[in-house]
Amino acid sequence: MQLPRVLSLLTKETGTCPSTSPLFTEPWKFQVGYQEMKVMMSCVGLRNLLQGLSFSVKYYSSINHLQTTCPCSKIKAKKCHILNCSECTCTHRTAPSGSILPWRFFSCKEGTRISSKRKQNTSVVTSELLHKNLLKSEQENWNDISPIYKPMTKRIKEKLEEFHNKYTFNSESPRMRFGENVYFEENGRIFLSKADADEGNVDILFSTDDLGFSDAFIQRIRISPDQTYMAISLKSESSEEATCVIMKLGHFPVVKKVIPSVFSFEWAANDVLYYTTQKNLKCQNVFMTTFTYQKHTKLVYTEQDARFFVDIYLTKDRRFLTINSNSKTTSEVWLVDCRNPFALPALVQARTKGVIYHIEHRNDELYILTTYGEPAEYKLMKAPVASSGKENWQLVYALEKKTKLVDFEMFSDDCIMFLKNAGHLYLNVISFVSHSVQSIKLPTWACEFELESHPEHTTSTCYFQLSSPVHPPKCFAYSFKENNLIEQAVQEVPIITNCHTTRLLAKSKDETLVPITVFHNMNSEELHRKPLLVHVYGAYGIDLNMSFKEEKLMLIEEGWILAYCHVRGGGELGLSWHKDGCQHNKLKGLHDLKACIMLLHELGFSQPKHTALAAASAGGVLAGALCNTDPELIRAMVLQAPFVDVLNTMMKAHLPLTIEEQEEWGNPLEDEKCMKYIKSYCPYQNIKPQCYPSVFITAYENDQRIPLTGVLRYVQKLRKAALDHASRTSKKGNWIPNIILDVQANGSHCDSSWEHSVSEVARHLAFLNKELEEVCHLQHHSKSCR
């Protein structure tokens, strides 16, 4: 159960997004809004991708002929909440308490004027024309300026590839063992072998190449309990939706069903699959489909509140399938008994505003990870299955204040919590047998961890990896029998010894202490002359991504300083840290960022003319806001798919995620005070003629989470303001910053392959190198605007 993206399943971030999640056991992932979920597929891309599924497939049907399936046929969802699937007919149940019809389902208020269709169509045409003109203008600008960066981009890309080859070791693919059978995936193929068989003695069950998927990869694999069926989700790098392919295993694997636009799926029984469908970045329907005697597909659950996102999860002991409906602040869970998968789902606890909870199971008791009670941080509680209401929840373990719950995993007699406190990682082992808690401080260099894929419920050892932005992943294990931490055999990866890690606390405007993690080369002298790259995010309760990146290590070796500012709005210090930086507290994150950069400069870590700022997605809000309020603190900025037009985006209810995003940004549609507050920090709204840093933005033409129109308008307005300032002060010798937008035609908010991302990173670093390199020349030839 993975908890870095606490609260919902679709995100403006991810923040992690799930394309790198384990194949065989999908940890819990939670929704965070417009930008960050990096795993699904767009419908258009999906249909193009699946044209080959009509089928040039090298698999046989039950009568040994090629099977033809229509991949784009969709199951029409009936508008109900819980359907009784125990018999052939479905009976409607009353909507569960706490279910709310979103306001947009209702008609306009009395007296509201509605524009005519002609006016609406004219407005749409005008808007589309403006969008095309802006896009064309920016594409032409990029084509004109990009040759300047190409030589340096090429050199950086080559060096990044060297680092990638040097620091990437070939670890084994995740294995899942069923008795004597072992399933694993490598390079788009799914293999089956015997546990004691030779390495080369394997059968190929599935291959993306055989299906003609040139740009697809296998995202998730689920094997039915009796190993009769296998469900696979496929997605492409530039898409927002996945497709589920169900195969019947045997001597000749058979494609039995293809389901488009699937988000999550689990086997409740040998031939009963539950799955959720995704439409317009939302998951609100759960279906059940069977494959034997009475083949049918039924709608089991539908969520009618647009703020909530639905996912399904199988408890570690496979006793229950959970239907989880989460907003960013509230949860509701329904249980499907896997011993009777056709029975009605049972409600654990009706949604209560502000209470988040997630379910595991052990020995006829539910173990509940929840924010219920004071303080409003995560606690582990338990209750009998038969009486699961919160009035029966008993405390098992509570986190300390300002402690981040990073991950949680259940085992037969223990559970493990990975925690973050004061910048350090801890492993807490809770024994259900001895009723004891053991806390182990992990190595001080570690900033991120990742659980090994699919640790078995009854295993005696928990495997995981530790890493940092400049330390490649290193394998560790915790033995429940020995009660100790074991460092695994050293991989053939060079040990990083010349990088120093410093943890600082900056005092923000309201005296709050804000953590900063700093990396620099131990051999560096005169740090105030070195280039500094500052990272910020500060939204959705998500931590800054501090996993290993080849480019970060390359920068360290070239003398750069890296700083990660853990500002409010993120999750580094627990749920309260997020709450203190969202909605009407968003400006606190901006004050935190300013305080962090100023402290770094005061302590001699670089200086403004050598400082750059990096942010992605929702991190663009704080980065863009800082450029408006304190542009003199930095020389350059790189943004990836930035959220810079907050007000206009949140005023558009027709966008797929606007309603659910209100819990992060507020509701300017109905609250004038909220609208004014967003306007006070929104990057687009506060651009003015002044000396700005140079800015490089990468955006994606088909990004469903960050509307490209907002980015285009931001760039145009920013460039005009910079030029206006330069024209007014030209006699003073001020320079004109470079404002560059690189629109990727085939990208999206999803994770990209190494081959694609390395090119993007190389362009960013080439821009930063050139901008910071020119500082010394500017000092000789013109007066700096700083």
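The dialogue below walks through a predicted model, one feature at a time.

Q: Before looking at single residues, how many helices and strands are there in the chain?
A: An overview begins with the secondary structure, and here the chain holds twelve helices and 35 strands. Burial and surface come next: of the 786 residues of the chain, 58% count as buried, while the chain exposes about 33300 Å², of which carbon and sulfur atoms supply 50%.

Q: How should I read burial along one helix, and which residues of helix 4 are buried?
A: The label rests on relative accessible area, with buried meaning under 20%. Helix 4, which spans residues 550-557, is mostly covered, since seven of its eight residues are buried. The buried residues are E550, E551, K552, L553, M554, L555 and I556, a list to be read alongside the structure. Just after helix 4, the backbone of G559 takes a positive phi of about 95°.

Q: What does such a label look like for a residue in a strand, and with which residues is T290 in contact?
A: T290 is found in strand 10, residues 282-290, and it counts as buried because its relative accessible area is 6%, which falls under the 20% limit. If its neighbours within four places in sequence are left aside, T290 is in contact with D271, V272, K295, H296 and F342.

Q: How many salt bridges does the structure hold, and what do D413 and R362 tie together?
A: A salt bridge pairs a side-chain nitrogen of Lys or Arg with a carboxyl oxygen of Asp or Glu within 4 Å, and the structure holds 30 salt bridges. In one of them D413 pairs with R362, the closest N and O atoms being 3.6 Å apart. D413 lies in the loop between strand 20 (403-410) and strand 21 (414-421), and R362 in strand 16 (residues 357-362), so the pair ties together parts that are 51 residues apart in sequence. Accessibility is to be read for each partner: D413 counts as partly exposed because its relative accessibility is 35%, whereas R362, at 9%, counts as buried.

Q: Where do E365 and K382 lie, and are they buried or partly exposed?
A: The side chains of E365 and K382 meet in a salt bridge with an N to O distance of 3.9 Å. E365 lies in strand 17 (residues 365-370) and K382 in strand 18 (residues 379-384), so this pair ties together parts that are 17 residues apart in sequence. E365 is partly exposed, with a relative accessible area of 23%, and K382 counts as partly exposed at 22%.

Q: Why do residues three or four places apart in an α-helix point the same way?
A: An α-helix has 3.6 residues a turn, so residues at that spacing point the same way. As a case, E672 and K676 both lie in helix 10 (residues 672-681), four residues apart, about one turn of the helix. Their side chains meet in a salt bridge of 3.7 Å, N to O, and both E672 and K676 are exposed. Elsewhere, salt bridges that share partners join D510, R568, D580, K588 and D592 into one network.

Q: Which residues gather in the patch of negative charge on the surface?
A: The patch is formed by E158, E161, E162, D215, E237 and E755. Helix 3, residues 150-167, gives the most to the negative patch, with three residues. E162 has its place in helix 3, and it counts as exposed because its relative accessibility is 54%, the label requiring over 50%.

Technical notes. Residues are numbered from 1 along each chain as its sequence is written. This is a predicted model: local features need pLDDT of at least 70, side-chain atom pairs count only at pLDDT 80 or more; totals for chains, interfaces and linings use all residues. Side-chain values use heavy atoms; hydrogens and water are left out. Patches are made of residues with over 30% relative accessible area and no salt bridge: like charges are joined within 9 Å, nonpolar side chains (Val, Leu, Ile, Met, Phe, Trp, Tyr) within 5 Å. Accessible areas come from the Shrake-Rupley method with a 1.4 Å probe; for residues, only the protein chains shown count as cover. Lys and Arg count as positive and Asp and Glu as negative; His and the chain ends are not counted. The place of a charge is taken as NZ of Lys, CZ of Arg, CG of Asp or CD of Glu. Helices (H or I, at least four residues) and strands (E, at least two) are DSSP runs, numbered from the N terminus. Buried means under 20% relative accessible area, exposed over 50%, partly exposed in between (1.4 Å probe, protein chains only). Contact means heavy atoms within 4.5 Å.
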